[in-house]
Amino acid sequence: MKDFGFGIKKSNVIDLDKTDWTFLREIAAEEPSFLHCFFCGTCTATCSAGKYTGFNLRRLQLLIRRGQFDEVAERVSECMLCGKCQWVCPKGVNTRHVVTLINKKLHARKIR
């Protein structure tokens, strides 16, 4: 068969029956405010790192829910931990602590 220069990518659909929620639960156990996030995008709009890198806290949470931890590890290191996102969050999510916990949990799982 001819090679047309493209391939079929794996679907990014979240199958809730097959999703492993342990990583999300571990973070939420140490930082309960993480579950209050309703993906409004305020954090992303004020993010200094997001203007110059591919960092996006909303995307990071989606990747965690999908179980795509390799990409999470790649993106989470781009956060500058400046705290702007935490100041503007309407739900009061401690985003700096969440990012720190994600790094910690990735190291514990030897993903990074």
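1. Phenylalanine 39. In this predicted model, phenylalanine 39 belongs to the loop that joins α1 (22–30) to α2 (42–46). With a relative accessible area of 30%, phenylalanine 39 is partly exposed, because that value falls between the limit for buried residues, under 20%, and the limit for exposed ones, over 50%. The backbone deserves a remark as well: phenylalanine 39 is not a glycine, yet its phi is positive, at about 60°.

2. Cysteine 40. The loop between α1 and α2 also holds cysteine 40. Cysteine 40 has a relative accessibility of 38% and therefore counts as partly exposed. Which residues does cysteine 40 touch, leaving aside those up to four places away in sequence? They are Arg58 and Pro90. By contrast, the C-alpha atom of lysine 18, a residue 22 positions from cysteine 40 along the chain, is separated from that of cysteine 40 by 26 Å.

3. Leucine 81. A positive phi is found at leucine 81 too, with a value of about 55°, although this residue is not a glycine. Leucine 81 is placed in the loop between α5 and α6 (84–88). Its relative accessibility of 36% puts leucine 81 in the partly exposed class.

4. The overall fold. The author may wish to state the general composition plainly. The protein has seven helices and zero strands, so that the order of elements from the N terminus reads α-α-α-α-α-α-α. The C-alpha trace spans about 55 × 30 × 25 Å along its principal axes. Of the 112 residues in the protein, 32% are buried. The surface that the protein exposes comes to about 7500 Å², and carbon and sulfur atoms supply 55% of this area. Among contacts with a separation of 6 or more, 66% are between residues 24 or more positions apart.

5. How the helix pairs are described. The next three points treat pairs of helices. Two packed helices are described by the angle between their axes and by the distance between those axes.

6. Helices α4 and α5. Helix α4 (residues 57–66) packs with α5 at an angle of about 155°, and the two axes are 8 Å apart. Are α4 and α5 roughly parallel or roughly antiparallel to each other? They are roughly antiparallel, because an angle over 145 degrees is given that description. The crossing of this pair, α4 and α5, is left-handed. On the α4 side the contact involves Arg59, Leu60, Leu63 and Ile64, which meet Phe69, Glu71, Val72, Arg75 and Val76 of α5. Sorted by class, the contact of α4 with α5 contains six nonpolar residues, three charged residues and no polar ones.

7. Helices α5 and α7. The axes of helix α5 (residues 69–76) and helix α7 (residues 95–108) come within 10 Å and cross at roughly 130°. The two helices, α5 and α7, are therefore oblique to each other. The crossing in which α5 passes α7 is left-handed. Here Phe69, Val72, Ala73 and Val76 of α5 meet Val99, Ile102, Asn103 and Leu106 of α7. Seven of the residues in the contact of α5 with α7 are nonpolar and one is polar, while none is charged. A student should note that Phe69, Val72 and Val76 are named in the contact of α5 with α7 and also in the contact of α4 with α5.

8. Helices α1 and α7. The axes of α1 and α7 are 10 Å apart, and the helices pack at an angle of about 130°. This pair, α1 and α7, is therefore described as oblique. The crossing of α1 and α7 is right-handed. From α1 the contact draws on Phe23, Glu26, Ile27 and Glu30, and from α7 on His97, Val98, Leu101, Ile102, Lys104, Lys105 and Leu106. By class, the residues in the contact of α1 with α7 comprise six nonpolar, one polar and four charged. Ile102 and Leu106 of α7 take part in this contact, and both are also listed where α7 meets α5.

9. Threonine 100. A final point concerns one residue of α7. Threonine 100 has its place in helix α7. Is threonine 100 buried or partly exposed? Threonine 100 is partly exposed, with a relative accessible area of 40%. Its C-alpha atom is separated by 9.6 Å from that of cysteine 79, and the two residues are 21 residues apart along the chain.

Definitions and conventions
Residues numbered from 1 in each chain as written. Predicted model: local features only at pLDDT ≥ 70, side-chain atom pairs only at ≥ 80, totals over all residues. Heavy atoms only, no water. Axes fitted to C-alpha atoms, helices over the stretch in contact; angles between N-to-C directions. Helix = DSSP H or I, 4+ residues; strand = E, 2+ residues; numbered from the N terminus. Parallel < 35°, antiparallel > 145°, perpendicular 65-115°, else oblique. Left-handed = near helix turned anticlockwise from the far one by under 90°. Contact = heavy atoms within 4.5 Å. Nonpolar A, V, L, I, M, F, W, Y, C, P; charged D, E, K, R; others polar. Buried < 20%, exposed > 50% of the residue type's maximum accessible area, 1.4 Å probe, protein only. Areas by Shrake-Rupley, 256 points an atom, 1.4 Å probe, with all protein chains shown as cover.
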